[in-house]
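Student: Please take a close look at one helix here and what surrounds it. Then place that part in the wider fold.

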Amino acid sequence: MKSILFTAAISGILLAGCCHKPDNEALLAELRNMSEKMEAFSEQLAENTRAVEKVQIRTMPARETRRVSYEALEKIKLPRNPSDADIVKYLREIQKVTANQTVFSWNDPQTAMLQDIGPGHLKILLPFLQQPGMASSYFRKALPSLVGPADKAVALENLKKLPMLTEAILENGWLEDVRDQLWEILEGNGRSSFDVTQNAAKLIRNDADRKRLIEIYTTHPQRVQLFSVISDFPGIDLKAVAEEAYDNSSGESLWNQIPYAENAAKAGSLRALEGLIRLFEEMHQGDPQRANLRFEHVFPPLVGRAANSETLRKWFNENKDKLVFNKARGRFELKEQQ
């Protein structure tokens, strides 16, 4: 469109030039040359645009999600009474089919296929458990079916290195054998395994254990999942605990601070609520879509308002002194609403 307008403008100049004296012929020639170059440029631009569109069309399938090939998995068979070599081959074939998969589900057949191996072969499975991908999804669900009495020594020895063994160990009734190891994992400097934190309640026997878990929650910014366990502890000031953890998370990444602020706000901390709004605003400045997705279910139940970057801060500033926490409803309300 722009090239058409430009050509029309040039043509107008050329027509106007025809009304002048012959000494304008050099200018007219130059304008004709410019017009020809512009038309050539326009044609090249159109060609480049078509080429880009073709590339986009060709590359679209590469971005599409890919589910596992059920037909390929059905061809993979585990012999009866398999040898160690048979199991290794079986696992490698499953890995090969799973390699290009981008969509995963707990109902995918790989979990059942792994469960078919049965207990007694944990030592053979260890190298596969330490690999990304299949190990972090299908193996996690299959492991309780793969660990039995014959695997106890191997399981206990490798728990710290592979916390995903936690569920299988506990289902086998070996809690007292690993109690100290689980505490050490929780108190460690690295990211604690979800498998350990989700079973943390099983470690609690007395007030000393409760105090120990609270200290882990408040001093280890990557133990946010423990809040659900601590929330059920009797006789504690949950708001104070949550605020302490929130304060100690200030040196963490924005993404890691958010759940601590959210937990403290849910416990009734007004300053944590204000901090949560600030974190939302900071994320929204960098990535509005991600911020809206992360917070869309946070503020409505907490304050009865949507995560709106234009109105939420204004509403909070205007009502901050009138907000009170309704513990029974788990939300902040204006005094006149109570």
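Tutor: Two residues are in contact when heavy atoms lie within 4.5 Å of each other. The model is predicted. Take α10 as the part to look at. This helix runs over residues 175-187 and has 13 residues. From its first C-alpha to its last, α10 reaches 17 Å. That is close to the 18 Å expected at 1.5 Å a residue. There is a bend all the same: α10 has a kink of about 25 degrees, centred on Gln-181.

Now the buried side chains. Which residues of α10 are buried? They are Leu-175, Val-178, Arg-179, Gln-181, Leu-182, Trp-183, Ile-185 and Leu-186. Note that Gln-181 is among these buried residues, and that the kink is centred on this residue too. Arg-179 is also one of the buried set. The spacing has a general background. An α-helix has 3.6 residues a turn, so residues three or four places apart point the same way. Look for that pattern in Leu-175, Val-178 and Leu-182, which are among the buried residues.

What do these residues pack against? Four helices: α8 (152-158), α9 (166-171), α11 (194-197) and α12 (207-219).

Step back to the loop between α9 and α10, where Trp-174 is placed. Is Trp-174 buried or exposed? Trp-174 is buried, because its relative accessible area is 7% and the cut-off for buried is under 20%. Its contacts beyond four places in sequence are Val-147, Gly-148, Pro-149, Lys-152, Ala-155, Leu-156 and Ile-169. Take Pro-149 from that list. Trp-174 and Pro-149 are 25 residues apart in sequence, yet 9.9 Å apart in space, C-alpha to C-alpha.

Follow one partner of α10 onward. Asp-207 is in helix α12. Asp-207 counts as exposed because its relative accessibility is 56%, and exposed means over 50%. The C-alpha atoms of Asp-207 and Phe-233 are separated by 9.3 Å, with their places 26 residues apart along the chain. Helix α12 has a second role as a neighbour: it helps cover the buried residues of α14. The cover there also includes α13 (227-230), α15 (254-266) and α16. In α14 (residues 238-248), the buried residues are Val-241, Ala-242, Glu-243, Ala-245 and Tyr-246.

Helix α16 spans residues 270-286 and holds Leu-279. Leu-279 counts as buried, because its relative accessibility is 1%. Beyond four places in sequence, Leu-279 touches Leu-254, Gln-257, Ile-258, Ala-261 and Phe-295. Leu-279 and Ala-261 are 18 residues apart along the chain, and their C-alpha atoms are 8.7 Å apart. Phe-295 has another partner. The charged end of Arg-294 sits over its ring, 5.7 Å from the centre. A second arginine, Arg-290, lies over the face of Trp-255, 4.2 Å from the ring centre.

Next, the aromatic rings. The whole structure has six aromatic pairs. Tyr-217, Phe-227 and Tyr-260 form one cluster.

Two residues elsewhere make a useful contrast. Gln-110 is in helix α5 (residues 109-115). Gln-110 counts as buried because its relative accessibility is 0%. Leaving aside neighbours within four places in sequence, Gln-110 contacts Val-68, Leu-73, Ile-94, Thr-98, Gln-101 and Tyr-138. Asn-81 lies in the loop between α3 (70-74) and α4 (84-98). Asn-81 is exposed, because its relative accessible area is 76%. Its phi is positive, about 45 degrees, although Asn-81 is not a glycine.

Last, the whole protein. Its secondary structure comes to 19 helices and two strands. Of its 338 residues, 39% are buried. The protein exposes about 20000 Å², and carbon and sulfur atoms supply 52% of that. Among contacts between residues at least 6 apart in sequence, 59% join residues at least 24 apart. The pair of Trp-174 and Pro-149 is in contact, and these two are 25 residues apart in sequence.

Terms used: Residues are numbered from 1 along each chain as its sequence is written. This is a predicted model: local features need pLDDT of at least 70, side-chain atom pairs count only at pLDDT 80 or more; totals for chains, interfaces and linings use all residues. Side-chain values use heavy atoms; hydrogens and water are left out. The expected span of a helix is 1.5 Å times one less than its number of residues. The bend at a residue is the angle between axes fitted to the seven residues ending there and the seven starting there. Buried means under 20% relative accessible area, exposed over 50%, partly exposed in between (1.4 Å probe, protein chains only). Accessible areas come from the Shrake-Rupley method with a 1.4 Å probe; for residues, only the protein chains shown count as cover. Rings of Phe, Tyr and Trp (its six-membered ring) pair if their centres lie within 6.5 Å; planes under 30 degrees apart count as stacked, over 60 as edge-to-face and the rest as tilted. A charge sits over a ring if NZ of Lys or CZ of Arg is within 6 Å of the ring centre and within 35 degrees of the ring normal.
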